[in-house]
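User: Hey, got a minute to go through a model with me? I'd like to start with the contacts and then look at the overall fold.

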Protein chains: 2
Amino acid sequence: MNVRPLTKTSNERSDATRRRLIDAGMELFGVNGFDATTTRALADAAGANLAAIPYHFGGKDGLYRAVAQAVIDGLNDQMGSFLDSVQREMDAGVGSPHQAMALIERLMADFAEVVLQRPEADNWVCFVMREQMQPTEAFSILYDSPIKRMRDLFSKLLSHVSGLEPDHVRIKLTGIELLGLVYVFRVARASTLREMGWQTINEAAYAEVRTVILESTRLILRGLQAKN
Amino acid sequence: MNVRPLTKTSNERSDATRRRLIDAGMELFGVNGFDATTTRALADAAGANLAAIPYHFGGKDGLYRAVAQAVIDGLNDQMGSFLDSVQREMDAGVGSPHQAMALIERLMADFAEVVLQRPEADNWVCFVMREQMQPTEAFSILYDSPIKRMRDLFSKLLSHVSGLEPDHVRIKLTGIELLGLVYVFRVARASTLREMGWQTINEAAYAEVRTVILESTRLILRGLQAKN
DNA sequence: GTCTATAGTCGGATAGAC
DNA sequence: GTCTATCCGACTATAGAC
């Protein structure tokens, strides 16, 4: 009775179907939103059967939650290493405001890369933004994300730069402001492309955007430091 | 044959119904998106009949387009006067970078007020953001908005500050960056509230946010000027 | 111009065969 | 575990009375 291989094969097929449905969900939910995305479209895009959605996820909502979790997992993959890296350097001790500023600039550059350049971003950014504007129960899953980790790092680093406490209102708001410097180019992408006369944010365009983001970051940081 | 009063009454009722449907559409489309908003919900919210939608607007899509136009009209009402005011001062001649910076700061403060404090903003901001992420044919209506006018004013003023041409890539991107300083608090509002431990952006909270926005604005402007 | 009733369409979930 | 066939509910738009 060789039941293992059968089970294993079964599980593998099952997992593959789950994964394909989640991939399809990330794209379709992100682009069109929950309601505009039909289970039929999801099943077609995943090459799966319609009934596989209620079967594997309990329904359309369940798939949606699974996608939210997958977004977090993906963000961890993409941001985990550089967040860890900065964390380690911080733990080793931040000697000077200058060093804190350098770490923030590194975080900003890496974050901009993930948000503006990685092709996967097209899917999850839309997904996250929808949740920001109209949070569903999946918002909690998304909130405890690497982005929160990043905000926390910002707070500590900005504290070193400014001399204020990490949980000072101004510090936290400035951290959000920094993220906004990156977000705006993704969220208002349609307007940005039109305004700049670009068809897409290609490499040259991204270089310009990145320069402006880092320049603005530096100016804000220097200003914070000067107030000491 | 006193036909005028009858016609007038008729038109008035008609216009009132149209207006109520547009108001309902601004709220419901903005919050829930096109697909999640049913004609029944629209009719109920407007206190109008279901059939009034196809009758007045040709269908759900027509109402959506009418809402987009109403968003622009509303923005013109709210931003027109301060945009005109700044425009007039610019036409009178911008003497110094310092004066240009003061005008930009005024624009930012007024814009922040409209985006973050006016209760009407809850409706149109979501509506506009949806169009940014997934533009429909209504995007063109929205693009030619007071916000474009504002970007253009920014370009000219930033040109005065920096000495660069108004259509220089860096200038235009910096203008977008400035808008992002305001947008982020509205778009990432859910995260902001959670991060700050606020229930709502009340007056005290807004004062803090406004301070940070204007502070960041000033720092970016000074940095631009310093490069001269 | 507005309302009621209804036609026609489509989406989500399930039952049951394989 | 997966697929087919089907049900039920909800939605948009229209026809026709008022």
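User: How far is the side chain of Thr17(B) from a phosphate oxygen of DNA strand C?
Analyst: Keep in mind that this is a predicted model. An N or O atom of that Thr17(B) side chain sits 3.2 Å from a phosphate oxygen of DNA strand C.

User: And what about His56(B), how far is its polar side-chain atom from a phosphate oxygen of the strand?
Analyst: That distance is 2.8 Å for His56(B). Thr39(A) uses its backbone instead: one of its N or O atoms there lies 2.5 Å from a phosphate oxygen of DNA strand C.

User: Which residues come nearest to DNA strand C overall?
Analyst: Out of 18 residues around the strand, the nearest are Thr39(A), Arg40(A), Lys60(A), Asn49(B) and His56(B). On the DNA side, 61% of the strand C atoms that come within 4 Å of the protein belong to sugar and phosphate.

User: Which helix gives the most to that surface?
Analyst: α1(B), with five residues. Helices supplying at least two residues each are α2 (39–46) of chain A plus α1 (3–36) and α3 (52–57) of chain B.

User: How do the residues there split into nonpolar, polar and charged?
Analyst: Ten are polar, five nonpolar and three charged.

User: Switching topic: how many helices and strands in chain A?
Analyst: Eleven helices and zero strands. Its C-alpha trace spans about 70 × 50 × 30 Å along the principal axes.

User: What share of chain A is buried?
Analyst: 53% of its 228 residues. The chain exposes about 10400 Å², with carbon and sulfur atoms supplying 49% of that.

Methods: Residues are numbered from 1 along each chain as its sequence is written. Chains are lettered from A and ligands numbered from 1 in the order in which they are written. This is a predicted model: local features need pLDDT of at least 70, side-chain atom pairs count only at pLDDT 80 or more; totals for chains, interfaces and linings use all residues. Side-chain values use heavy atoms; hydrogens and water are left out. A residue is near a molecule or strand if one of its heavy atoms lies within 4 Å of it. A polar contact is a pair of N or O atoms within 3.5 Å; within protein, one must be able to donate a hydrogen and the other to accept it, and residues adjacent in sequence count only if both atoms are side-chain atoms. Helices (H or I, at least four residues) and strands (E, at least two) are DSSP runs, numbered from the N terminus. Ala, Val, Leu, Ile, Met, Phe, Trp, Tyr, Cys and Pro count as nonpolar, Asp, Glu, Lys and Arg as charged, and the others, Gly among them, as polar. Buried means under 20% relative accessible area, exposed over 50%, partly exposed in between (1.4 Å probe, protein chains only). Accessible areas come from the Shrake-Rupley method with a 1.4 Å probe; for residues, only the protein chains shown count as cover.
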